[in-house]
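Please work through the exercises below with the sequence and the coordinates at hand. Each task is followed by a solution in steps.

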Amino acid sequence: MIRTLKTLAMVAACVSFSGILALSIWTIAGQPAPVNLPQLLSENMARSGVEHPVTAVLLNFRSYDTLLEIGVLVIAGIAGISMAKTASLEDPELRTSDSLLYGLQRWFVPLMLMLAGYLLWAGAHRPGGAFQAGAVLAATGVLMRLGGVPMDFLRPGLLLRLGLVLGFTVFLLVAVASVIGGDAFLAYPPELTKPLILIIESVLTLSIAMVLLALFVSAPVNDAEDPEEGSS
Amino acid sequence: MTAPLLYALAGAILCGIGLFGLLWLSHLLRKLVAFNIMGSGVFLVLVGLPQHQGGQDPVPQALVLTGIVVAIAATALAVVLIRRYYHLSGLTSLTGEPASREGAPE
């Protein structure tokens with residue numbers, strides 16, 4: 001009885017939550033937009049250094065968001081690998097010895113790496129960019145991991161840590177350098193905008209892929225019967 | 001009523017469904033999935049509403065892109081934490097009811 005009442009109360013709460021949300025959306029939709037952001041953006045596109053508006057917003061006009069985002073990712077990655085049992089990372093039992101899978105991988109992995117590179121480059125003038133490329137790169141890593149390709153760099157060591165913080169460090173360095181140069185925080189010098197964005201995007205891709213892969217690997221895959229995980 | 005507005009309203013409904021799942025389900029993984037549904041609803045609202053008002057708007061789209069990546073990382077971290085919690089306590093929910101012990105290691 002109490003449980004039924006509780007469920008009913010929850011349903012009522014959620015329906016009213018949805019209703020209020022939908023009502024406010026309806027009200028906002030009826031009013032004209034206070035600022036015309038797309039027009040503002042297209043007027044300033046020439047100064048952004050790239051041709052695709054989403055990339056321009058991500059890495060130039062609102063790059064502060066992106067900086068904080070990669071910061072959040074790094075924190076999540078570090079928290080993830082600190083939870084992991086390091087010995088399980090290279091458990092030989094996890095490696096599949098399926099030769100067909102291995103053969104397929106040898107075709108897929110280079111193609112996916114190439115796709116990641118293309119997505120990174122395409123971000124300047126069409127949909128694409130650091131996040132998509134990073135996701136594809138991380139998926140490549142997951143595929144390699146599941147297929148049993150040894151990946152020693154994923155051991156919590158210098159290489160993994162460097163990969164995790166590389167994107168954030170470079171981004172922060174660029175941001176601070178412009179402050180030291182007497183400009184605003186994160187303001188790129190106009191003549192260097194395109195190369196700077198390209199460098200930042202490349203290291204961001206690497207770092208995003210590393211964070212996602214580290215989080216995947218640190219979700220322990222060993223036997224659930226082992227209660228000793230993390231104690232070693 | 002335009003298509004983007006329909007997306008935004010569907011986002012509101014998704015938010016409600018996600019909230020209900022978050023409150024009602026006790027299994028932590030299900031709670032996580034419900035939370036992600038709620039997040040998807042927010043993304044839909046964020047993209048749909050400006051598009052209804054003034055055509056495609058790259059600014060909220062970029063924000064949603066940022067949000068998606070953060071959501072993936074947060075979800076992965078949550079899964080890692082849930083697995084750790086399960087290994088330490090043998091429970092799959094925070095309440096500790098006996099019913100939640102199904103499938104737990106002896």
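The exercises that follow concern a predicted model and treat one helix, one salt bridge, one chain and one interface in turn.

**Exercise 1. Determine how many residues of helix H3 of chain A are buried, and identify what covers them.**

Solution.
1. Helix H3 of chain A spans residues 53-61.
2. A residue is assigned to the buried class when its relative accessible area is under 20%. Seven of the nine residues in H3(A) are buried, and the helix is therefore mostly covered.
3. The buried residues are A:Val54, A:Thr55, A:Ala56, A:Val57, A:Leu58, A:Leu59 and A:Asn60.
4. Within chain A, their cover includes helices H2 (37-44), H4 (63-83), H6 (130-146), H7 (158-180) and H8 (193-218). Chain B also takes part in the cover, through its helix H3 (58-89).

**Exercise 2. Count the salt bridges over all chains, and state which class of exposure applies to A:Arg62.**

Solution.
1. The count over all chains is one salt bridge.
2. A:Arg62 and A:Asp65 form a salt bridge, with their closest N and O atoms 3.1 Å apart. This separation satisfies the criterion of within 4 Å.
3. The relative accessibility of A:Arg62 is 38%. Because this value lies between the limits of 20% and 50%, A:Arg62 is partly exposed.

**Exercise 3. Characterise chain B by its secondary structure, burial and exposed surface.**

Solution.
1. Chain B contains three helices and zero strands, and its elements follow the order α-α-α from the N terminus.
2. Chain B has 106 residues, of which 41% count as buried.
3. Take the contacts in chain B between residues at least 6 apart in sequence: 55% of them join residues at least 24 apart.
4. The surface exposed by chain B is about 5400 Å², and 71% of it comes from carbon and sulfur atoms.

**Exercise 4. Describe the interface between chain A and chain B by its area, its polar pairs and the elements of chain A that supply it.**

Solution.
1. The contact involves 44 residues of chain A and 39 residues of chain B.
2. About 3800 Å² is buried between the two chains, with carbon and sulfur atoms giving 78% of this area.
3. Between chain A and chain B there are zero salt bridges, while three residue pairs are in polar contact.
4. On the side of chain A that touches chain B, helices H1 (2-30), H2, H3, H4, H6 and H8 each supply at least two residues. H1(A) gives the most, with 13 residues.
5. By residue class, this side of chain A divides into 30 nonpolar, eight polar and six charged residues.

How values were computed: Residues are numbered from 1 along each chain as its sequence is written. Chains are lettered from A and ligands numbered from 1 in the order in which they are written. This is a predicted model: local features need pLDDT of at least 70, side-chain atom pairs count only at pLDDT 80 or more; totals for chains, interfaces and linings use all residues. Side-chain values use heavy atoms; hydrogens and water are left out. Buried means under 20% relative accessible area, exposed over 50%, partly exposed in between (1.4 Å probe, protein chains only). Helices (H or I, at least four residues) and strands (E, at least two) are DSSP runs, numbered from the N terminus. Contact means heavy atoms within 4.5 Å. A salt bridge is a side-chain nitrogen of Lys or Arg within 4 Å of a carboxyl oxygen of Asp or Glu. Accessible areas come from the Shrake-Rupley method with a 1.4 Å probe; for residues, only the protein chains shown count as cover. Buried area is the accessible area (1.4 Å probe) that two parts lose on being put together, summed over both. A polar contact is a pair of N or O atoms within 3.5 Å; within protein, one must be able to donate a hydrogen and the other to accept it, and residues adjacent in sequence count only if both atoms are side-chain atoms. Ala, Val, Leu, Ile, Met, Phe, Trp, Tyr, Cys and Pro count as nonpolar, Asp, Glu, Lys and Arg as charged, and the others, Gly among them, as polar.
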